[in-house]
Amino acid sequence: MKELLAKQFAQRFATNPVFYASSGRINLIGEHTDYNGGFVFPGAIDKYIMAAINVNGTDKVRVYSADLQESAEFGLQEADAPKEQWARYIFGVCREVIKRGFTVKGFDTVFAGNVPLGAGLSSSAALESCFAYALNDLFNENKIDKFELAKIGQSTEHNYCGVNCGIMDQFASVFGKKNCLMRLDCRSLEYEYFPFDPQGYKLVLVNSKVKHELVDSPYNKRRESCERVAATLGVETLRDATMDMLNAKKADVTEEDYKRAEYVIGEKQRVLDVCDALERGDYETVGRLMYETHYGLSKQYEVSCEELDFLNDIAKESKVTGSRIMGGGFGGCTINLVKDELYDHFVEIAKTRFNEKYGHEPVIIDVVISDGARRCE
Ligand code: GAF
């Protein structure tokens, strides 16, 4: 990818760029817990966005997306927001850096990526983190700390892209470390690296190719439900809620909000239980908890879809250790923890049965847990 970007950059801008990259992420467990102050357990992956960048001595940013084969140009004032949705991610990052009192000057850039779009692997966080990291390095002597870089990406989603997301995706993209998952406490922002190398198992993603798009999806509505319940219970976030507290106020929340909160309360404990099980090497328990999460996301939080439920059923029938929908939901992938000896059989069955039912094969994505945001020398 670096060669491709170098070539395209040279054709357009005729100067020597610096290269930066940041990764997409998986999440083993802990879904929709981040904006509830709970725990998540993600890792960065070997699918990333890379950008070639150089300052251009103007007050304009000129961007070329090698994948879309489209360009955009914008200034750095609030009124200069580009009309292209994809360019708003980069504009938003520039604005959020400036709003925090740091420097951004005009630059030229060409970027590309291999994070499948709409699959729930956080291509948008990878893009934001790549540019946040680059602007910190190019213009600010790396004075912005890594958490602030993640928050710059998150605020970009909130203020320029219409998704009221939590911090998980940008955190994973910025902090990712090779062969490690990270348990993040989204309230205190304390985190711990967990080396992840499950002997005898593979992690595989099965992409339903149902388009996952959080902008305009009911994602923000789920968050509002959680905030309503937290307010009714008199707690800041559902992190501080228990099932007893929820049941005591059952009459004061809607049936729908009750189900949403029930899921979140269960899920925040599951993350901790998975971490404990991993430390014991108990993958059967990890897998069982993944299935529980799927059930919760499907029946209580209602962010699954028919195709993903079907893939989950196939996994169960094929004796896959753990399987669940991954990411924000409404499409995208399942994440599966599969014993080595079952892997080929599962992949074959998933492809055949899904194809029979939906007329196309799901895409199998093997992932390697990798480093996060970086300058590529
Ligand atoms: C999306 C969001 F961007 C994350 O913040 C998180 O809430 C996730 O959905 C669900 O766990 O990826």
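Helix axes here are lines fitted to C-alpha atoms over the stretch in contact, and the angle between two of them runs from 0 to 180 degrees between N-to-C directions. Keep that in mind for the helix pair below; also, this is a predicted model.

Let's start with the helices. The axes of α10 (residues 306-317) and α11 (residues 343-358) cross at roughly 145° and come within 10 Å. That crossing is right-handed. On the α10 side, the contact is made by E307, F310, L311, I314 and A315. Helix α11 brings F346, I349, A350, R353, F354, K357 and Y358. By class, this contact has 9 nonpolar and 3 charged residues, with no polar ones.

Now for the domains. The chain is assigned a domain 1 (2-197 + 371-376) and a domain 2 (201-367). Their centres, taken over C-alpha atoms, are 25 Å apart. Where they touch, domain 1 puts in 28 residues and domain 2 puts in 38 residues. Three strands, β1 (18-27), β2 (39-40) and β3 (42-55), each supply at least two residues of the domain 1 side.

Then there's the ligand. Around it sit E31, H32, D34, Y35, S122, C165, G166, M168, D169, G327 and G328.

Here is how the residue classes work out:

| Site | Nonpolar | Polar | Charged |
|---|---|---|---|
| Shell around the ligand | 3 residues | 5 residues | 3 residues |
| Side of domain 1 that touches domain 2 | 13 residues | 11 residues | 4 residues |
| Contact of α10 with α11 | 9 residues | no residues | 3 residues |

Note on methods: Residues numbered from 1 in each chain as written. Predicted model: local features only at pLDDT ≥ 70, side-chain atom pairs only at ≥ 80, totals over all residues. Near = placed C-beta within 6 Å. Nonpolar A, V, L, I, M, F, W, Y, C, P; charged D, E, K, R; others polar. Domains from an automatic or database assignment. Contact = placed C-beta atoms within 7 Å. Helix = DSSP H or I, 4+ residues; strand = E, 2+ residues; numbered from the N terminus. Left-handed = near helix turned anticlockwise from the far one by under 90°.
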